[in-house]
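The following paragraphs trace how strands are joined and enclosed in one protein model. Please keep the sequence and the structure in view while reading.

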Amino acid sequence: MNNRQQDKRQESRLTTEETVFIELTSAEPGVEIPPDIVISNSVDLSANGLRVSVDRDLVIGSILRACVQFRDSPQRFLLVTEVKWCRPHERAGEFIAGLALFESEGTDIQVWKEMIAERFSD
């Protein structure tokens, strides 16, 4: 990570590999086409964002729903994200993407922030 990206980070991050489901397209009401969901892994997490490893290039600026599943908890966190950046990973066929989290009704953002704060206090 270069210094410019490091300078933009204003909060602590948890380095952990958790399962992240990212919904690229939603199912339309009345249409029988299933949503396009990518299964990825987190690289690190914070109260307001996450970095994920994905198998495709995500479109910068896209607003996407995501679900984070921790290995040590049955709870899933439904979140709304914006793709801030995406670049090829050192491993062929993989990308690393930065996702910012939105304060959005109908999501688990408040519980998410509480859980992240709890994990930092442990």
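Two strands are said to pair if DSSP finds at least two bridges between them. The model under discussion is predicted, and the pairing of its strand β5 offers a place to begin.

Strand β5 spans residues 63-69. On one hand, β5 pairs with strand β2 (residues 19-25) in the antiparallel sense, over five bridges; within β5, C67 lies opposite F21. On the other hand, β5 is joined to strand β6 (residues 76-88) by seven bridges, and these two strands also run antiparallel. Here V68 has F77 of β6 as its bridge partner. The connection between β5 and β6 is a hairpin of six residues. Because five of its seven residues are buried, β5 is largely enclosed by the rest of the structure.

From β6 the path leads on to strand β7, residues 95-101. β6 and β7 pair in the antiparallel sense over seven bridges, and W85 stands opposite G98 in β7. The hairpin of β6 and β7 has six residues between the strands, and its G93 adopts a positive phi near 80°. β7 also pairs with strand β4 (residues 49-54): six bridges join the two, which run antiparallel. In this pairing, R51 is found opposite G98.

How is β7 placed with respect to the rest of the structure? Seven of its seven residues are buried, so β7 is largely enclosed. In a regular strand, side chains alternate between the two faces of the sheet. Both faces of β7 are covered: F95, A97, L99 and L101 are buried on one side, and I96, G98 and A100 are buried on the other.

How values were computed
Residues numbered from 1 in each chain as written. Predicted model: local features only at pLDDT ≥ 70, side-chain atom pairs only at ≥ 80, totals over all residues. Heavy atoms only, no water. Buried < 20%, exposed > 50% of the residue type's maximum accessible area, 1.4 Å probe, protein only. Helix = DSSP H or I, 4+ residues; strand = E, 2+ residues; numbered from the N terminus.
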